[in-house]
Amino acid sequence: MPVTVNGKSGPNVSLTAADVPGSLTQTTADGRYILSSAASGFVKTTTDQSIAGVKTFTQTPVVPGGKVVPLDWVNVKTLGAVGDGVANDRAAIQAAIDAVSTAGGGVVYLPRGTYRIGSALLPTNATGVQIVGAGWSTSIKITEGMNDYAFKFDGTDTRMTFANLTIDGNCTAQTAGGGIYGIGAVQCLFQNVHFVGCYDWGLYLGPQTGNVFGHNNKVTNCLFDNALASAGIGGGIYMTSNDENSILACDFEYLGGAGAGPAAILDKAGTQFITACNFVNGGNGCVGVRIQDCTSTRVTTCNFDGTSGDSIFIAATRCNIVANTIFSPGMAGTPGTASGIHLEYGTKYNVVNSNTIASAPAAGGTRSLIREEAMGDAGLNSIQGNTLITAGSLSVAALDCHGVDSIIRGNIGAGPTGDAGFLTQAAGDTRYLASTAAAGFVATTGDQTVGGVKTFSQAPKVPGGPVNSMVLYNVKAYGAIGNGIADDTAAIQNAINAASAAGGGTVYLPTGTYKITAELTLANHITLLGDGDFVTEIKQTSTTANGLVGSSLIYITIRALRLTGPGSGTGRGIAFTTEFDYCLLEDVTVTDWGLTGIDIEQPIVSNFTRVTSRLNGGAGFYIHGTGLGAGTSLSMDSCWARDNVSNGFSFYNMTYCAFVACAADNQINAGKAGYLFDTCVGMSLIGCGSENNNVGVKFSGGGTHTVNGFFNYANPATGVGFWVTGGASNVHLIGVNESSPVAGASKWIQVDSGCTATVRGSIHSTADQFAAGTTISISNSAGVEVVAGSRATGQNTTLGAMAPLGDNGVGVTQVADVTTAPSTNPTGGVTLYAESGTSVPLKFRDASGNVRGVARGSSFATADQTSVGTALTASTFLTASVQANAVYLVEALVYWTTANTATVTTSWTGPAGATMIWGDTTTGGDIVTTLGGVSPAWATGTKLVRIFGTLVTAGTAGTLGFTFASSVAASVTVKSGSGLILDRIK
């Protein structure tokens, strides 16, 4: 092939430094770059050449109209890497890392293939270095017997990126090592990385040199799995002396090797953010998240399914464990040993709120749903508003809490009889069933609808990961104009088709308005990328066509663009059917469509971030399951629905979804809601708001929802702030706030009959409306619980009487006296009642008819009392009234003095027919078996005597009294400070 150099041409050209002064340029109609050794000039060639002193680089890939690969990329194959899974590619990859590091940063690119390495890759001074693959089909595999990590940092302040690749730890052929050993990791990004089969840890984040903390790393959309066969720890992420890291939307599946203390995440640094992650199965007691010897880590909106050990283990302080969903803790481990949330040694000031925890379906499979130990001065924790579901019996208890001064309240459910609706799972099945009754479940091996029971599919286990190709398909290279006048439909579709034919890629729409007249069909592994939702616009002019469509999509990304409709008609902005898995919408605006703005069927493990849907003729967002099953695990972050004719966010048949900092405004038509959840399970709204909607938030059917920190502005006169209806159950409203309701507004929170809800910390002025029989103080007559203090002004809680009983300061709980003590046994639990005129004023009656005291009865000697002589004298102070047909434990602590020659005898008096066995604790044989029997004589002097006994009364009530006497005509004085205590035990 002829070569031309600075005017010299021919099949062979002799080059000098003057001919090749050195630069990187591209010929006009060519797709190849030429790098020379000097500062200017270029060599033109149409094929790869080897010319003395000049190294040529082929553009990667050569795509008509495709985007040019940045100049700071190094493809490892240009340096000799093979990627066939056999050759040792370590030297080539290390050379690429060193080259990019020396240049001050850039991308080390690994095309698809398996790159075997024989020793660790060592990034040195690697700030700005990016290790990027072509998706999870790019695999870096540790050679058998290497016994080390694939990558090891040097301990300096390292800011690196790892993206779109697999790291295969080959754990069964190692005795040490793992994925990435990140000492000195600072502001690193680990994105779309598959850590598989790592011997100890997939990702280790440690300190910088000199034990300076690493910090602010981000781990997103990564998968850690398949380490059960490891002889080591077989864990996911370990953080020590490396804090303020974010772990978002990652999967941890089948972890836990034979080594000590396996965990999917082990945090020994604190101040971490673990959000929207999924933890599945595991072995060898593998804990889901273990937080130890640190402080202030947050675990929120995560899903735990059948962990081998505790789902969340805490031996730390000031941590927030909020809005997580936990199923079957311990199901994959030793029965009866694992708990859903376990607060162990030294736990203080932790918040465990608004979590949903269900035990393993097998009897005794789970120890406790929430366990709080008292070791290490533990306590002062907040355990509130959790939903506890006992699917199979527990080996200990749902709430097993022993910390000092912890706040434990508002936790719903201790088993099927405590819940109006709950989730359960059939043995050997992978599908959860939501029952509308109080017990039982329907087993199914497929999506079914069986007699009022709807089935929910568990999120699928994914063997591979997303394809995130580095190739850009610029729509203008396919003929798009982007002036808002020319029809760009065919050009954009052709770019999409080209990317799809290559196995995936990024379709790029530069700044402009792209007119379309028909719908655009997306395919798997496609990214649709603009320059921003205010500068890149796809504008549909047809009133009958949708905007973007697709079916059974996986790994779709739509980012930084606006999708505009014609303002009327029957089209929808986004209409994806059948399934939508592992997908992302980010910085997208959908506006002016005739029907729904965004209509997505059965999304699974997907994320919407900063997505706005507005001015549409239907709902802003319509997200729903199908006849095949529910959608699940959709995260909505900073999304906005506004000015839509129908509902803002309309979710139907969805499970385990989280809304964070979302807003819904101006859905003002009658009956339309800012947020509608119809037949959904496990919806969580944190820090969201509603302005000027006819209904702020509506829950219809389904259940186990949490709303935390919600702001509702301008509640209208005909609307409702929060509406719980259609049998919705276990709805928690925490810290909800009404601001500036419209004049005449009459309903703030409405809970209909047959529903269950908890309201805590509500600030509002509009009245609540609860089903008939409920009250504003506290009631369960219609399944509604409104916790004291959930009013703007605060109020007392009164049980048994609506009128206050006195001492009416804010926050007082008062129990009214019963007119007649209960005589009917409860079917379960206990009946609590007060009889203030008795020695034990607060009692409960259990299902067996036993009556016991809640608080002790007591009397106290406030002055000395002296008896002279041998006749028994009744104590003025040590007396207590007792009831008929009761059993009491009696304890007296008596302090007396005698004259020098006197000894002391004691006895008791009581109602007719009563019997008593009693004695002091210092003399083993000192036992009296009758109520009026007399004790052996006590020696002369000053004594402090402790007397115990059991009193059984017959059919007569009366008074139990202590008596005492001297053995001679001398004085005995019972001193002030002596006391009598009665416990009614039956």
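Two strands pair if DSSP finds at least two bridges between them. With that in hand, let us walk through this predicted model, starting with how far it can be trusted.

**Confidence**

Mean pLDDT for the chain is 82, and 82% of its residues reach 70 or more. Two stretches call for care. Over residues 1-5, pLDDT stays under 50, and the model has 20 contacts there beyond four places in sequence. Over residues 772-796, pLDDT again stays under 50, this time with 67 such contacts. Where pLDDT is low, the predicted coordinates should not be read in detail.

**Parallel strands**

A good place to look next is strand β60, residues 621-624, which pairs in the parallel sense with β58, residues 598-601. Within that pairing, tyrosine 622 of β60 stands opposite aspartate 599. Strand β60 is also joined to β63, residues 649-652, and these two run parallel. Here histidine 624 has tyrosine 652 of β63 as its bridge partner.

Further along the chain, strand β70 has a partner in β67, with which it pairs in the parallel sense. Serine 684 has threonine 706 in β70 as its bridge partner. Strand β70 also runs parallel to β73, and there histidine 705 is matched with valine 731 of β73. What about the surroundings of β70? Five of the six residues of this strand, which spans 703-708, are buried, so β70 is largely enclosed by the rest of the structure.

The pairings can be set side by side:

| Strand | Paired strand | Sense | Bridges |
|---|---|---|---|
| β58 (residues 598-601) | β60 (residues 621-624) | parallel | four |
| β60 | β63 (residues 649-652) | parallel | four |
| β67 (residues 681-686) | β70 | parallel | four |
| β70 | β73 (residues 729-734) | parallel | five |

**Helix α2**

Now for a helix. Helix α2 covers residues 489-501, 13 residues in total, and reaches 18 Å from its first C-alpha to its last, close to the 18 Å expected at 1.5 Å a residue. Which residues of α2 are buried? They are Thr489, Ala491, Ile492, Gln493, Ala495, Ile496 and Ala499. An α-helix has 3.6 residues a turn, so residues three or four places apart point the same way. The buried residues of α2 pack against several strands, among them β48 (483-487), β49 (505-509), β50 (512-516) and β52 (526-530). The short stretches β47 (472-474) and β51 (520-521) are also on that list. Just after α2 comes glycine 503, which takes a positive phi of about 95 degrees.

Terms used: Residues numbered from 1 in each chain as written. Predicted model: local features only at pLDDT ≥ 70, side-chain atom pairs only at ≥ 80, totals over all residues. Heavy atoms only, no water. pLDDT = per-residue confidence, 0-100. Contact = heavy atoms within 4.5 Å. Expected span 1.5 Å × (residues − 1). Buried < 20%, exposed > 50% of the residue type's maximum accessible area, 1.4 Å probe, protein only.
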